[in-house]
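Visitor: Please take me in for a close look at one spot where two chains meet, and then show me what else is worth seeing from there.

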Amino acid sequence: MSARLMQGNEAVAEGALLAGVRFFGGYPITPSTEIAEGMAKLLPQVGGTFIQMEDEIASMGVVLGASLAGKKVLTASSGPGISLKQELIGYAAATEIPVVIVNVQRVGPSTGQPTAPSQGDVMQARWGTHGDHSIIVLSPWSVREAFDLAVRSVNYAERFRTPVILLMDEIVGHLRESVELPAESEIEIYPRRAPKKSRAEGYEPYAPDEDLVPNIANFGEGYHIHVTGLIHDETGFPSGSPKVTRESIKRMHEKISRAADEIIDVQEEFMDDAEFAVVAFGGTSRTAYEAVLSARKRGVKVGFVRLVTIFPFADKIISELAKKIRGLLVAELNYGQIVGEVERAAKGQCAVKLCAKYDMTIFEPEEIEAAIDEMISEVDGE
Amino acid sequence: MTERSYEKFFRQNRLPHLWCPGCGNGIVMKAIVQAVEKKLGWTQDNTIIVSGIGCSSRASGYMDFDTLHTAHGRAIPFATGIKLANPKLNVIVITGDGDCTAIGGNHFIHGCRRNVDLTVILFNNNIYGMTGGQASPMTPLGKKATTAPYGSIDRPFDACKLAEAAGATYVARSTAFHVQHLTKMIEDGLDNRGFSFIEALVQCPTAYGRRNKIGEPAKMMAWMRDNAIMKSAWDKLTDDKKTGDKFPIGLFYRAETETYDEAYHHVIELAGGAK
Amino acid sequence: MRKQLRLSGSGGQGVITAAIILAEAAVSEGKQAVQSQSYGPEARGGASKSEVIIDDEKIFHPHVKAPDFVLAMTQKAADKYYTDLNADGVLILDEDLVPTPPQFKNIIRVPITKLAVEKVGKALFANIVALGVLAKVTKLVDFETIKKSVANRVPPHTVEQNMLALQIGFDAVN
Ligand SMILES: Cc1ncc(C[n+]2csc(CCOP(=O)(O)OP(=O)(O)O)c2C)c(N)n1
Ligand code: SF4
Ligand SMILES: [Mg+2]
């Protein structure tokens with residue numbers, strides 16, 4: 001396929017469609033609206049369903065219902081809309097309903113700066129809903145990767161039966177660039193999991209398979225399952241037992257944490273000789289990459305680390321890196337969020353510095369390069 | 001249909017239910033399954049029960065279908081997703097007066113407006129039962145609740161008028177006392193293609209009756225008997241007779257309008273996605 | 001060779017569309033291109049700016065620094081967006097809408113909106129007239145390729161008028 005100019009948000013819609021998404025429910029909000037608009041146009045072309053709901057809460061509800069009825073589903077929003085979705089993101093985690101939520105981040109809190117870029121929802125993506133829960137969060141840095149990660153998000157949602165957050169930012173969401181998309185035949189698709197037992201054989205919808213993920217039947221297949229946000233045992237019915245509660249929370253974490261090595265995707269460049277490195281994600285990593293290139297031209301031994309998977313967090317990788325190098329600079333478009341995760345994972349084995357920006361504008365390479373130099377002189381001086 | 005043939009619709013191993021003695025919820029739950037039993041082609045395999053959160057919404061757990069106990073107020077969006085994702089399924093929503101008209105009020109009116117093919121049954125006990133008796137948007141003026149200790153001053157909703165105004169294509173009311181009538185109202189609601197709404201008055205002796213000195217369950221049901229007036233008789237009453245606690249029951253509204261899933265099928269045809 | 005452009009004006013003048021078409025044309029010639037934009041909280045009437053970077057190499061940082069070309073369709077945009085122009089860069093102004101040109105070495109003034117109104121019939125076509133001017137001045141993309149991109153982007157019943165607008169812009173400078 002030849003290259004074409006495509007917008008990040010458009011690429012998400014295309015990717016989700018190719019991954020098998022056949023149902024989208026949403027509510028317009030800048031800067032994510034193009035995803036809803038794309039789905040409104042594309043879905044009926046393949047017999048799928050698009051519905052504009054009355055708010056973001058309903059948008060979450062409608063896609064969860066559709067997912068239970070057997071469809072692969074997507075919803076997208078930004079800022080205040082993502083806050084409204086939180087209760088039902090928790091519902092999806094608790095009931096193990098596959099769903100992909102795209103968050104094209106903008107400046108907050110509240111209405112904030114609706115059209116301006118930010119990466120201020122990182123910790124919300126991990127802990128936005130109440131209670132102990134696990135989640136997968138992926139963040140693309142290019143239009144092509146927005147497409148790829150849309151596919152991957154849908155596959156992970158299905159495979160782990162979990163909400164997956166595709167954490168975009170306005171930079172990538174609204175960026176247009178040349179992309180070559182893979183042919184449909186090149187795309188791997190994870191199918192909806194199916195029950196392995198009949199009712200007569202004692203099927204239990206929430207009994208975990210070997211990978212700790214349950215094979216929950218779709219509605220309408222004759223299994224008479226019960227789905228509830230109350231803590232439930234393997235039958236799916238509520239249980240007031242401390243043991244069931246403990247095991248249920250534990251399993252939901254472990255079904256993802258045990259596959260973490262596979263889920264965690266980190267891009268490392270120039271790390272062979274690096275004494276320092278810049279850690280970034282999403283649109284900011286494009287600028288960080290140029291800053292690193294420029295610093296290396298001056299002979300600075302700095303590497304580039306890009307978090308493609310934000311959660312589960314790349315603890316092991318960061319910890320190993322921290323052993324080898326002297327300092328990590330975390331560049332993010334917020335007051336300082338992922339830096340806390342990096343610090344935690346680095347366990348004091350190297351210096352961790354923050355390069356933060358939260359003024360509606362994206363980083364310029366010079367700003368990150370200056371922060372690299374500053375980190376080095378600080379570490380040298382210590 | 002034999003005398004207790006409806007029992008197969010219940011999950012016997014999940015009973016007894018958690019409702020208080022004398023609670024009206026069980027009566028409406030039974031009326032629902034008896035209405036389903038009468039519907040040709042509706043089976044336990046192709047009928048889905050969706051509920052919100054509240055005492056009434058616990059009914060889904062006792063009914064042997066694919067059942068979905070959602071979050072407080074959100075049953076209608078979930079049900080909409082199920083119906084649109086698989087239009088062959090029959091979808092019934094069970095909700096409470098708080099669930100449907102307070103936290104879920106916006107979803108309720110938009111569900112009516114879209115005319116998605118759902119049947120919504122509101123168990124109206126005039127109170128928040130599950131959380132112990134706080135005022136709901138359907139608590140009558142002057143009645144007491146834990147959050148309205150001096151009597152409620154919030155003007156209540158008439159959920160049937162609301163449903164009709166918002167675009168529901170079948171609107172009816174009955175009570176836990178008028179079981180056969182209630183079953184018939186539900187049955188006709190299931191027959192309607194489009195958004196059907198049935199308000200079922202239920203007695204909540206624990207959180208509403210006792211606090212308001214209305215008394216025992218039997219007295220609460222006697223109140224339903226004495227004050228409910230069939231729509232045809234109600235319409236003949238002069239305004240000065242429509243006083244006190246009197247209220248109408250029966251079919252209030254019915255219309256034939258394209259459902260959302262039928263309309264969306266045209267979209268698919270226009271987009272070239274029809275098989 | 002990397003070339004950087006900034007197209008600016010007020011919301012509704014269509015500078016973002018013009019930038020998208022230019023980037024699309026570059027991509028269809030096998031070049032790398034990124035297009036980004038910023039607009040005020042108001043979708044209409046506020047300041048509007050779109051940037052395009054064209055290169056043979058992959059482009060990472062998506063923002064323009066020291067642009068080679070700046071198009072300004074309002075006085076406000078001209079005053080705000082010319083300042084970091086590359087010293088050898090070119091500032092292209094709508095002659096009537098920017099009555100007081102900034103102090104800059106290379107300025108090209110074209111009555112873009114006036115041409116759109118008088119020769120094509122509507123101010124709506126000013127962005128495509130401007131695109132014609134840019135095609136001539138920047139020489140980054142073949143004019144024929146731009147024509148194809150315009151034809152692909154605009155509503156089918158307006159193709160003829162848009163082609164006229166493009167040609168008028170192209171011929172307005174030498
Ligand atoms: C978001 C949210 N807010 C509050 C609650 C607490 N809550 C549970 S049930 C309920 C009220 C239920 O009243 P109603 O819908 O009338 O049902 P009933 O119990 O009377 O049948 C409330 C407020 C909740 N579960 N979720
Ligand atoms: S509190 Fe009221 S509604 Fe709830 S179970 Fe008891 S009687 Fe029924
Ligand atoms: Mg109630």
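Guide: Okay, start where chains C and A touch: 17 residues of chain C are in contact with 18 residues of chain A (contact is when C-beta atoms, placed from the backbone, lie within 7 Å). On chain C's side, helix H1 (15-28) and strand E2 (32-39) each supply at least two of the touching residues. Both come from DSSP runs numbered from the N terminus: H or I and at least four residues for helices, E and at least two for strands. E2(C) gives the most, with seven residues. By class, chain C's side has nine nonpolar, six polar and two charged residues; Ala, Val, Leu, Ile, Met, Phe, Trp, Tyr, Cys and Pro count as nonpolar, Asp, Glu, Lys and Arg as charged, and the rest, including Gly, as polar.

Quick housekeeping: this is a predicted model, with local features needing pLDDT of at least 70 and side-chain atom pairs 80 or more, while totals for chains, interfaces and linings use all residues. Residues are numbered from 1 along each chain as written, with chains lettered from A and ligands numbered from 1 in written order.

Chain A also has a strand in an open, mixed sheet of nine strands, ordered E10(A)-E2(B)-E1(B)-E3(B)-E4(B)-E6(B)-E5(B)-E8(B)-E7(B) (strands pair if DSSP finds at least two bridges between them). E10 (226-228) of chain A and E7 (228-230) of chain B stand at the edges with a single partner strand each, so one side of each lacks a neighbour in the sheet. Inside the sheet, four bridges join the parallel strands E1 (47-51) and E2 (66-69) of chain B, and B:Val50 stands opposite B:Leu68 in E2(B).

Terms used: Two residues are in contact if their C-beta atoms, placed from the backbone, lie within 7 Å.
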